[in-house]
Amino acid sequence: MIKLTTNKEFKTRVRVFDVEKTYEDLDKIVELGLMKKEGGSLFSNLNLDRSGEIYLVADMNDYEGLRMLGYNLAGTLRGAKVKEAHLKCMNPNLIYLLEGVLHSNYEYDRYRSKKDDEPNVIELSINAEHKEAIGKLENLMAGIFTARDLINTPPIDLYPESYAKQIVEMFKGTDVEVEVYNKKQIETLNMHALLAVASGSDKDPRLVVLKRLPLKEKEHVTIVGKGLTYDSGGYAIKPASSMASMHSDMSGSAAVVGLFKALSLNKVEKNVVGVMALTENMLNGSSYKNGDIISSMKGLSIEVGNTDAEGRLTLADALYYAATKLDSTEIVELSTLTGAVVTALGTDMAGVISNNDALYEEIHKAGITAGEFNWRLPMTKELDEKVKGTFGDLKNSIPGGAGAITAGIFLSKFVEDKPFLHLDIAGVAYGSKKKYYKEGAYGFGIKTLYQYIINKK
Ligand code: BES
Ligand code: MG
Ligand code: ZN
C-alpha cells in the first residue's frame, strides 16, 4: 500500500519535470535516450541502497495523463521495493497524479484464501501545501473503493436485504440518514413496476433512500441509481457468458452509496438525496413474463416485450418517487441500462439522455475533469413515438435500433417536469483491467457526480 504523507525528506526522490518548462538536466537525460520529453515518460535511476531518483515528465494540464503517470510511478516504487520516497512539486494539479498513485492501492481479495500480502507500506511524502487537497482526495477514493467492493461482491452475498443492511451499517453515526422500505412498504407505495421485476426472485426487494441535507432549505439534487443485484434476464434469459457479470447491474446504486460516503467525509455543504430500488431479476413460477402488461407507481401501464429490459421498470418507479415524494430540484440517474450504449459509444464513455441543456453542460464538464467521459445522444420525436405501447401506455422493449435512446426516453416519462439527466454506464461500469483500474468494477460516476455537486452554485 502506498501511503501519502507530507514534508519528509527521504533518500529516494521523485522529480517532476513540467513538459511546458525547460530544464537543462532534463535535456541531458533526453539526449542520453533515457526518457522522452513528453508528458507521461518515466525513468528511474535507483541504486541498490534505494537512493537515487525517479524522473517524471508530466503535462500538468492533462489530468488523465497525470493519473496514468501516478499509477505507473506507484508500480515503479513497488517494483524497486522502495520503502519511502519524497516528491517535490508545487503545482496544484499534482493532485491528479496522486489520484493515480492511490488507484494502485485497490485490491479485491475478499474471496482469496491466501491474500497477496504486501507487508511494506510505502510512504510517499509530498509538500505540505497539498495536505488539504490530499485529505479530500483520500475521502473521495474511500467512496470509490467502497462502491467497487460492493459491485465486485457476488450475488450470493449481495442481494437487496444484505445490501440495504450494509448501507445502514456504513452510515451509522454519520450525517447521512438512511431509509429502507421493505416489500410491504413498496406495495403501499404502489411501485408495481419494481414489484413485477422482483416477482421472480426468492429475495424481497428494498427501496433505499439516502438523505444528506446540511443546508437549511429543503430542496436538493436527487441521484437515482439502478440497483439490480443480479440480472439473469428473467424469462428472456441471458446466455451464461453475458449473465456471469450481472452482479454488476447495481453499479449505479453503488455509485450513489460511494458518492454519499465521499460527500459526508468531506463535509460538502450541498443538499443531496439518493434513491435506489434494489432487486434481483430472476425466473420462477411467479415471475413476470414476456407479454405481460404491468402497472407502475405513476399509473402508466407498460407492455413487457422483454423481461430483460427490467432496469427501466425499476427506475420508472424510483424516478417517479424522486419526482413526486421528494423536494428534488433536478434528477440525475445512473444505470447499467443497455447493451446498445456499448454499441454506440464503446467502453470508455457513458451515454447521456437529458431533457435539459444546462444540466448536460454541467455533467459533461464534470466528466471531463473526472476522467469519466460522457456524451449526449439525441431525443427525437420519431423515437418518442416508438416508446408508446399497442395495448398499454408504454412498452419496455423497442425494436428498430437506437436502444440506448429509447431506453432514456422511456425513463423521461416518469420524472414529471424535473430537469433530468440519465447516464447509461453499461459500457463503463465493469470489465477488464484498463487505465489505472484493476479488473472488475471501476466505480464509474462517483467522481463525475462529486465534481458536479461541488461545482454547483
Ligand atoms: N443490465 C442489462 C444491460 C447491460 C448490458 C449492462 C451489458 C451491462 C453490460 C439490461 O438490463 C439489459 O438486459 N438490457 C437489454 C435491453 C433490451 C432487452 C431491450 C439489452 O441491452 O440487451
Ligand atoms: Mg436486463
Ligand atoms: Zn439489467
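Is Tyr55 buried or exposed? Select Tyr55 in this predicted model and look at its surroundings. Tyr55 has a relative accessible area of 10%, so it counts as buried.

**Stop 1: the aromatic pairs**

Keep Tyr55 selected and add Phe17. A search of the whole structure finds ten aromatic pairs. In the pair of Phe17 and Tyr55 the ring centres are 5.8 Å apart and the planes stand at 25°, so this pair is stacked. Phe17 belongs to strand β2 (residues 12-18) and Tyr55 to strand β4 (residues 52-58), so the pair ties together parts that are 38 residues apart in sequence. Phe17 is buried as well, with a relative accessible area of 0%. Now add Tyr23 and Phe43: ring pairs link these two with Phe17 and Tyr55 into a cluster.

**Stop 2: charges over rings**

Select Tyr106 and Arg148. The charged end of Arg148 sits over the ring of Tyr106, at 4.0 Å from the ring centre. Then move to Tyr159 and Lys203. Here Lys203 lies over the face of Tyr159, 4.8 Å from the centre of the ring.

**Stop 3: the largest nonpolar core**

In soluble globular proteins, nonpolar side chains tend to be buried together. For the case in this model, select Leu73, Leu87, Leu97, Leu98 and Leu124. The largest nonpolar core has 81 residues, and these five leucines touch the most other members. Next select helix α4 (residues 131-152), which supplies the largest share of this core, nine residues. Colouring by domain is useful here: the core draws at least three residues from each of domain 1 (2-126) and domain 2 (137-455).

**Stop 4: the zinc ion**

Select the zinc ion (ligand 3) and show the side chains around it. Its protein donors are Lys226 (NZ), Asp231 (OD), Asp249 (OD) and Glu310 (OE), lying 2.0 to 2.4 Å from the ion. Along the sequence these donor residues are spaced K-x4-D-x17-D-x60-E. Why is the arrangement around the zinc ion (ligand 3) octahedral? The angles among its six donor atoms run from 77 to 174°, and six donors count as octahedral if opposite donors are over 155 degrees apart and all others between 65 and 115. Of the donor residues, Lys226 and Asp231 are both buried.

**Stop 5: the magnesium ion**

From the zinc ion (ligand 3), follow Asp231. This residue bridges the zinc ion (ligand 3) and the magnesium ion (ligand 2), and the two ions lie 3.2 Å apart. The magnesium ion (ligand 2) is coordinated by Asp231 (OD), Asp308 (O), Asp308 (OD) and Glu310 (OE), at 2.0 to 2.2 Å. The donor spacing along the chain is D-x76-D-x1-E. The site of the magnesium ion (ligand 2) is irregular, with angles of 70 to 164° among its six donor atoms. Select Asp308 and Glu310 in turn. Asp308 counts as partly exposed, at 22% relative accessibility, whereas Glu310 is buried, with a relative accessible area of 0%.

**Stop 6: two backbone angles**

Most residues other than glycine have a negative phi. Which way does the phi of Asn190 go, positive or negative? Asn190 has a positive phi of about 65°. To find Asn190, look in the loop between α6 (183-188) and α7 (192-198). Asn190 is partly exposed, with 38% relative accessibility.

Finish at Glu416, in the loop between α14 (403-412) and β17 (420-424). Glu416 is not a glycine, but has a positive phi of about 55°. With a relative accessibility of 34%, Glu416 counts as partly exposed.

Notes
Residues are numbered from 1 along each chain as its sequence is written. Chains are lettered from A and ligands numbered from 1 in the order in which they are written. This is a predicted model: local features need pLDDT of at least 70, side-chain atom pairs count only at pLDDT 80 or more; totals for chains, interfaces and linings use all residues. Side-chain values use heavy atoms; hydrogens and water are left out. Donors are N, O and S atoms within 2.8 Å of the metal (3.2 Å for Na, K and Ca); water is not among the atoms, so sites may look incomplete. Four donors count as tetrahedral if all angles lie between 85 and 135 degrees; four count as square planar and six as octahedral if opposite donors are over 155 degrees apart and all others between 65 and 115; anything else is irregular. Buried means under 20% relative accessible area, exposed over 50%, partly exposed in between (1.4 Å probe, protein chains only). Rings of Phe, Tyr and Trp (its six-membered ring) pair if their centres lie within 6.5 Å; planes under 30 degrees apart count as stacked, over 60 as edge-to-face and the rest as tilted. Helices (H or I, at least four residues) and strands (E, at least two) are DSSP runs, numbered from the N terminus. A charge sits over a ring if NZ of Lys or CZ of Arg is within 6 Å of the ring centre and within 35 degrees of the ring normal. A nonpolar core is a set of buried Ala, Val, Leu, Ile, Met, Phe, Trp, Tyr and Cys residues joined through side-chain atoms within 4.5 Å. Domain bounds come from an automatic or database domain assignment.
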